[in-house]
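Trainee: Got a minute to walk me through this one? I'd like to get a feel for the fold.
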Amino acid sequence: EPLVFSGVQPSGNLTLGNYLGAIRNFVALQGSYKCIYCVVDLHAITVYQEPKSLIEATRSVAAAYLAAGIDPSKNIVFNQSRVHQHSELAWIFNCVARMGWLSRMTQFKEKAGKDRENASAGLFAYPALMAADILLYRATHVPVGDDQKQHLEFSRDVAQKFNNDYSERIGELGLGVPIAMGNETVNGYFPLTEPLIEGPATRVMSLRDGTKKMSKSDPSDLSRINLTDTSDDIAKKIRKAKTDPEALPSEAEGLEDRPEAANLVGIYAALAGRTRDDVLREFGGQQFSTFKPALADLAIEQLAPIADEMRRLMADTSHIDSILANGAERASVMAEKTMIDVKRIIGLSF
Ligand code: TYM
C-alpha cells in the first residue's frame with residue numbers, strides 16, 4: 001500500500017524554495033495517498049538552536065503546513081521528537097549504514113564546512129535519522145526538493161542492506177513482503193522508497209545569484225522570499241532580483257546559461273501551475289521590466305493568504321499544539337508496530 005512521508009526542518013524562516021520544492025507538493029498528494037508530514041525538530045538540533053526559537057520554529061512549520069492547505073484530519077501532522085521511535089530506529093540504522101556512505105554526503109560537507117572537527121556527530125549521522133523517519137512508516141514515496149536526492153538514495157541503501165543482512169530471519173518470522181528492486185521483486189521488510197522530485201521548481205535559486213540555492217541561511221534577506229514576508233517585501237525582492245539584459249526567450253531551451261532568468265520563469269511556472277514553455281509562450285520576447293511586475297503580482301496573490309493564515313495560527317498556538325499532539329499519537333501507533341518487528345528481526349526482543 002503506497003504511503004507518503006516527508007519532513008521540513010524547523011531551523012529558521014521557511015522560504016519560497018521550501019514551499020515550491022516541497023510543501024506545495026505535499027498538499028497536492030493528500031487527496032490520493034495516505035500522507036505523514038513531519039516537523040523534523042531532531043534534525044534541526046544537529047546545529048545549535050536557541051530553545052525558544054526552536055519551539056517557535058516548530059510551531060511555525062506546522063502553521064505553514066496548515067496554511068498551505070494540509071488537512072490534519074486526513075493526514076498525520078506531528079513533530080518528530082514526540083515519537084521516540086524515530087531516535088530508536090535511527091540508532092539501529094547507524095549500525096546498518098557504513099562510514100563510507102555517510103562520508104560521501106554532500107550536505108554534510110557543505111554544512112560542516114572547513115571546520116569538520118567541530119561539527120556535531122549528529123550532523124554526520126543526519127541521513128540515518130532521515131532514513132529512520134521514512135522507514136519507520138515503511139513509506140513508499142517521499143516528495144522533496146532536488147537537494148534531498150542523495151539522502152533518499154542513502155535511505156534506499158540502508159533499506160536494502162537491512163533486508164539483505166536479515167533476509168533469513170525476516171523469512172523465518174514471516175515478516176517479508178514483496179519489494180520492487182529494479183526489474184525484479186525480492187522479499188524484504190523495508191521498501192525501497194521512491195523520491196518524488198517534481199514540477200518546474202525542484203531547485204529554487206537565490207534571487208541575488210542564480211547559481212546558488214535559495215536558502216534560509218543565506219546572509220542576504222534579499223536572496224530569498226520568506227513565507228512570512230509582507231506583500232511589500234515580496235514586491236521589493238522581485239524588483240531587485242538579479243537578471244540579465246536580454247528579453248525572455250520564447251521557449252524553455254533558451255533559458256540554458258541564463259540561470260537568473262531560468263529561476264524567475266521556473267518560479268512563475270510553479271506558482272501558476274503551468275509549464276515553463278507555456279509561461280514563455282505568453283512572455284517570450286518581453287523584457288524583465290514587464291515580467292517582474294507580473295511575477296510579483298502572482299507571488300503576492302498566492303503567498304499573502306498563506307502568510308496571513310500563518311500569522312492567525314501563531315497568534316494562539318493552542319490549535320497547532322493540539323494538532324501536533326494528536327498527530328504524534330497516531331504516528332506512535334504505526335511506529336511502534338515497526339519497532340516491534342525490527343527488534344524481533346535483529347534479535348533484540350525475545
Ligand atoms: P529542509 O528542511 O532543508 O527543506 C525542506 C524541503 O524543502 C526543500 N527545499 C527546496 N526545494 C527547492 N528549492 C529550494 N531552494 C529548496 N530548499 C529546500 C527540500 O528539498 C526539502 O524537501 N533533510 C530534510 C528534512 C527531512 C526529510 C525527512 C525529508 C528529514 N527527514 C524525511 C523527507 C523525508 C531537510 O533538511 O529539508
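Mentor: Sure, let's go through the overall fold, the core and a few single residues.

Mentor: Keep in mind that this is a predicted model, where local features need pLDDT of at least 70, side-chain atom pairs count only at pLDDT 80 or more, and totals for chains, interfaces and linings use all residues. Residues are numbered from 1 along each chain as its sequence is written.

Trainee: Okay, how many helices and strands in the chain?

Mentor: The chain has 14 helices and seven strands. Those are DSSP runs numbered from the N terminus, with helices being H or I of at least four residues and strands E of at least two.

Trainee: And what's the radius of gyration?

Mentor: The chain has 21 Å, which agrees with the value near 20 Å for a compact globule of 350 residues. That radius is taken over C-alpha atoms, and the globule rule is 2.2 Å times the number of residues to the power 0.38.

Trainee: Which residues touch the most other members in the largest nonpolar core?

Mentor: That core has 98 residues, and Ile 36, Ala 62, Ala 64, Phe 93, Ala 131, Ala 132 and Ile 267 touch the most other members. Helix α13 (residues 288–315) gives the most to this core, nine residues. By nonpolar core I mean buried Ala, Val, Leu, Ile, Met, Phe, Trp, Tyr and Cys residues joined through C-beta atoms within 7 Å.

Trainee: And what counts as buried?

Mentor: A residue is buried with 20 or more other C-beta atoms within 10 Å of its own, exposed with 12 or fewer, and partly exposed in between; C-beta atoms are placed from the backbone.

Trainee: Back to Ile 267, what is it in contact with?

Mentor: Leaving aside neighbours within four places in sequence, Ile 267 contacts Leu 16, Leu 20, Ala 201, Val 204 and Leu 295. Contact here means C-beta atoms, placed from the backbone, within 7 Å.

Trainee: New topic: why does Ile 323 count as buried?

Mentor: Because Ile 323 has 20 C-beta neighbours inside 10 Å. Ile 323 lies in helix α14 (residues 318–346), and touches Ala 62, Pro 72 and Val 77, not counting residues up to four places away in sequence.

Trainee: Last one, which strand does β1 pair with?

Mentor: β1 pairs with strand β2 (residues 34–39) in the parallel sense, over six bridges; pairing takes at least two DSSP bridges between the strands. Val 4 stands opposite Cys 35 in β2. Strand β1 (residues 3–8) has five of its six residues buried.

How values were computed: Two residues are in contact if their C-beta atoms, placed from the backbone, lie within 7 Å.
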